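Here are three short exercises for you to try with the model open. Work through each task yourself, then follow the solution step by step.

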Amino acid sequence: MLFRSRAQVRSVDCCEVRHNEEIVFYPSYVAPDSTGERWTMHIQGCIYNLNLPWLRHPIMGAIRRALRIDAEFTETFASRLKPFLVGVEENRQIVVRVGQELVDAGKTSAAGLFNGAITLSKETLESITGEAVRPGLWVPCQAVLDPSDNRQFDGASIVVDRQGLSVISDVDDTVKHSNVSNRRDLFQNTFARVFSPVDGMAEIYRDLAARGAVFHYVSGSPWQLYRPLREFWETYQFPVGSFHLKRFRLRDSARKLKKSPQMQHKRTSIDPILAAFPDRKFVLIGDTGEQDPEIYASVLRDFPQQILGVYLRALHGETADWPRFQQGFADLPADKWHLYPHHEELRSRVLDCVEKYDGFRSQVVLPEPPPLSMPDT
């Protein structure tokens, strides 16, 4: 959905958001055209009701008792579960200000989500940020509210150059312990316990960021968990990039939830990123817990020139000669995909891969490393 200029905004010139509703922007990215003179800024977010319907209070209590959530985790449980129980707002008009531009982001979906893109000149981008365009720069945006509403909802998108290195990373059991294979433990880790990082991953990602890498986190975690995930990122100093989480609604049938279409969600998120940066090289990092091997194999198969390597954390002692991997990667170069049991092996393999890539572009000056966190919003 492309944004339209102010002249094209007909029905409203501000967001349709009530006093008991909130807009949350999710970090996205800014991509250049082939000349570097025009840049497309992607914007995404959600609108939802802050109030929990009274009928859903007993639901929260019943879930807490059924899962035997300890009293010490009750506050954490309530804060993480609440976004799943509040009402999302469909068909609401979203208007966003980027610099001096007032643009129409269209209407929210049935899940309360909105997304779009606006194309800006290099000069406009520099006037908004107050500095020269460079990788890792955050470009701010703001929801346009009714003049009587004094609240402020801010977002930002990260500038990604046409060439360079990007990391597409999973979240659960790749950088954060979740134990996805055990549904009860997964629920406890997601809703009751303090998020725990996988050993060594924050340091490896910071090393990659220091080499100019930009990150895109594509995960099966639902958008409702963005805020606690953001806190986790800041606590353990993971480099922040664009986030691409999964659409989720309580009204979806149990059958749909059981299917958990990771392939569809992740390919729908990954493919546009690769298309937006045809000259960049990508490293894909995930784990063997769900469908990452099959998803990443399909990406490697479809975009062989852009993918430097696929790295999968072996959660259950798997090795490359297991039938699942031999079949999934059968027609792909053996040196393009790797299973790693421990973060030290990942470090040696992925940094060696990146250094070889840097060797091919020794005449290219590395950009400043992207920041570890977004501006406060």
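**Exercise 1.** In this predicted model, find how the axes of helix α2 (residues 74-85) and helix α4 (residues 183-191) cross, and which residues make the contact.

*Solution.* Start with the axes: those of α2 and α4 come within 8 Å and cross at roughly 100°. Angles of 65 to 115 degrees count as roughly perpendicular, so that is how α2 and α4 lie to each other. Next, look at the side of α2, where T76, F77, R80, L81 and F84 take part. From α4 come F187, N189, T190 and F191. Finally, sort the contact residues by class: five are nonpolar, three polar and one charged.

**Exercise 2.** Work out which residues of helix α9 (residues 292-302) are buried and what covers them.

*Solution.* Go along the helix and pick out D292, P293, I295, Y296, A297, S298, V299 and L300 as buried. That makes eight of the eleven residues, so α9 is largely enclosed by the rest of the structure. Then look around the helix: the cover includes β9 (164-169), α8 (262-276), β12 (280-287), β13 and α10.

**Exercise 3.** Describe how strand β14 (residues 337-340) is covered and how strand β13 (residues 307-313) is joined to β14.

*Solution.* Take the two faces of β14 in turn: W337 and L339 are buried on one side, and H338 and Y340 are buried on the other. Now turn to the pairing, where β13 and β14 run parallel and are joined by four bridges. Opposite W337 in β14 you will find V310. Last, trace the chain from β13 through helix α10 (residues 323-328) to β14: this β-α-β crossover is right-handed.

Terms used. Residues are numbered from 1 along each chain as its sequence is written. This is a predicted model: local features need pLDDT of at least 70, side-chain atom pairs count only at pLDDT 80 or more; totals for chains, interfaces and linings use all residues. Side-chain values use heavy atoms; hydrogens and water are left out. Buried means under 20% relative accessible area, exposed over 50%, partly exposed in between (1.4 Å probe, protein chains only). Two strands pair if DSSP finds at least two bridges between them. A crossover is right-handed if, with the strands pointing away from the viewer, the path from the first strand over the helix to the second runs clockwise. Axes are lines fitted to C-alpha atoms, for helices over the stretch in contact, and angles run from 0 to 180 degrees between N-to-C directions. Angles under 35 degrees count as roughly parallel, over 145 as roughly antiparallel, 65 to 115 as roughly perpendicular and the rest as oblique. Contact means heavy atoms within 4.5 Å. Ala, Val, Leu, Ile, Met, Phe, Trp, Tyr, Cys and Pro count as nonpolar, Asp, Glu, Lys and Arg as charged, and the others, Gly among them, as polar.
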